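Here is a short report on a protein model and the ligands placed in it. Look over the sequence and the structure before reading on.

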Amino acid sequence: MINNLLEETGSPLTIGIAGHTRPDGDCVGAVLGMYSYLSNVYKNAKIKIFLEKPADMYSFLKGFDMIDSTFAYPGQFDVFFALDCGDIDRLEGAGKLFLGSKKSIAIDHHVSNTGYGDVSHVEPEASSTCEILTRLFEDEYMDADVAKALYTGIAHDTGVFRYSCTGPDTFMALSKLVKFGFDGSRITDETFFQKTYVQNQILGRSLLESILFMDGRCIASSIDRRAMEFYGVDSKDLDGIVNQLQITKGVEVAIFMYETGTLEYKVSMRSNGKVNVAEIASFFGGGGHVRAAGCNMNGTFYDVLNNLSAHIERQMETSQ
Ligand code: AMP
Ligand code: MN
Ligand code: MN
């Protein structure tokens with residue numbers, strides 16, 4: 001229960017909440033779900049949310065307008081939560097607020113979590129941070145706003161309840177949430193499946209230009225800055241491309257990368273399970289989960305691909 005995590009703190013008067021850089025659905029859901037929940041528990045507390053601006057499609061969630069993306073705060077928080085974030089660097093500007101607080105609590109499901117909080121509650125088997133929060137939250141303080149946010153997060157990190165991280169505990173959590181009554185399919189349609197025209201165009205282009213290698217067991221594609229400028233898209237518009245690459249028949253590992261600077265790429269990897277992509281991403285300074293991980297790498301597209309392939313090949317050889 002969340003109250004156990006807050007032991008010794010009594011009733012906090014100031015609470016900070018943050019999540020990882022480039023927040024995805026689980027991160028946004030966890031942060032806003034926590035915001036709504038704590039607002040119900042600590043009615044007199046001042047609660048601040050620090051997060052890079054999420055995609056507008058999440059604006060239906062309560063607390064979205066309270067998100068502070070400046071990370072500027074002069075004081076010290078009684079309690080600070082870091083959610084869905086595996087290491088302190090990925091908290092970006094919120095890192096120093098987290099470390100400077102009286103009690104820092106990290107709640108996460110990344111296998112690569114470095115244990116950077118005063119309390120680090122990490123469940124690597126959980127589908128999502130939102131699944132963990134659903135278990136930690138007490139019914140008494142939950143409402144439809146909390147439930148909607150947590151449902152959004154679970155839906156996103158499980159690919160709408162399909163990925164192998166979806167287990168019996170995930171469905172238990174979902175059953176606790178749906179009781180609050182909201183339109184779950186609308187949430188998944190509007191935040192997960194729906195794409196803008198340009199998002200579809202850039203997805204199509206990534207698929208067209210993808211390359212298959214290692215006898216069809218790996219697929220890779222990249223988008224450079226020129227293409228992003230041409231279509232008028234930013235990194236949020238590229239979410240989901242790696243998942244589409246991954247469902248190519250015969251593929252074990254999918255790699256998608258986009259250029260973030262000269263000879264600099266943000267890399268996303270997805271695996272069907274034989275290859276542990278968290279291990280590879282961690283080697284290159286990133287992290288994630290066994291089947292979904294990411295990192296930032298330098299070099300040309302082919303340099304990056306060669307570096308990654310060596311690790312993938314080695315793992316494939318040893319797993320045979
Ligand atoms: P992505 O490929 O960006 O969708 O990320 C897949 C998973 O890996 C998510 O759980 C991310 O939180 C994690 N991840 C992505 N990039 C990094 C990174 N640079 N460092 C640590 N974890 C990452
Ligand atoms: Mn996340
Ligand atoms: Mn997550």
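## Ligand 1

An oxygen atom of ligand 1 sits 3.1 Å from an N or O atom in the side chain of Lys-266. That is a polar contact (a pair of N or O atoms within 3.5 Å; within protein, one must be able to donate a hydrogen and the other to accept it, and residues adjacent in sequence count only if both atoms are side-chain atoms). The side chain of His-110 also offers an N or O atom, 2.8 Å from an oxygen atom of ligand 1. For Arg-22, the corresponding distance is 3.5 Å. Taken alone, ligand 1 exposes 480 Å², and the protein buries 87% of that. These areas come from the Shrake-Rupley method with a 1.4 Å probe; for residues, only the protein chains shown count as cover.

The shell around ligand 1 holds 15 residues. A residue counts as near if one of its heavy atoms lies within 4 Å. The closest are Arg-90, His-110, Lys-266, Ser-268 and Arg-270. Strands β10 (264–271), β11 (287–288) and β12 (292–298) each give at least two residues to this shell. The largest share, 5 residues, comes from β12. Helices (H or I, at least four residues) and strands (E, at least two) are DSSP runs, numbered from the N terminus.

## Basis of the model

This is a predicted model: local features need pLDDT of at least 70, side-chain atom pairs count only at pLDDT 80 or more, and totals for chains, interfaces and linings use all residues. Residues are numbered from 1 along each chain as its sequence is written, chains are lettered from A and ligands numbered from 1 in the order in which they are written, and side-chain values use heavy atoms, with hydrogens and water left out.

## The two manganese ions

Ligand 2 is a manganese ion. Its protein donors are His-20 (NE2), Asp-24 (OD), Asp-24 (OD) and Asp-84 (OD), at 2.2 to 2.6 Å. Donors are N, O and S atoms within 2.8 Å of the metal (3.2 Å for Na, K and Ca); water is not among the atoms, so sites may look incomplete. Along the chain, the donors of ligand 2 follow the spacing H-x3-D-x59-D. Distant parts of the chain meet here: Asp-24 is in the loop between β1 (14–19) and α2 (25–41), while Asp-84 is in the loop between β4 and α3, 60 residues apart. Asp-24 is partly exposed, with a relative accessible area of 26%. Asp-84 is buried, at 1%. Buried means under 20% relative accessible area, exposed over 50%, partly exposed in between (1.4 Å probe, protein chains only).

The manganese ion that is ligand 3 has the protein donors Asp-26 (OD), Asp-84 (OD), His-109 (NE2) and Asp-157 (OD), lying 2.1 to 2.3 Å from it. Their spacing is D-x57-D-x24-H-x47-D. Which residue bridges the two manganese ions? Asp-84 does, and the ions lie 3.6 Å apart. Asp-157 is buried too.

## Helix α7

Helix α7 spans residues 184–193, and its buried residues are Gly-184, Ile-187, Thr-188 and Thr-191. Seen down the axis, they fall within an arc of 95°, so they line one face of the helix. The arc is that of the directions from the helix axis to the C-beta atoms. Their cover includes α5 (144–157), where contact means heavy atoms within 4.5 Å.

## Leu-208

Leu-208 lies in helix α8 (residues 197–208). Leu-208 is exposed, with a relative accessible area of 76%. Its C-alpha atom is 8.9 Å from that of Ser-221, 13 residues away along the chain.
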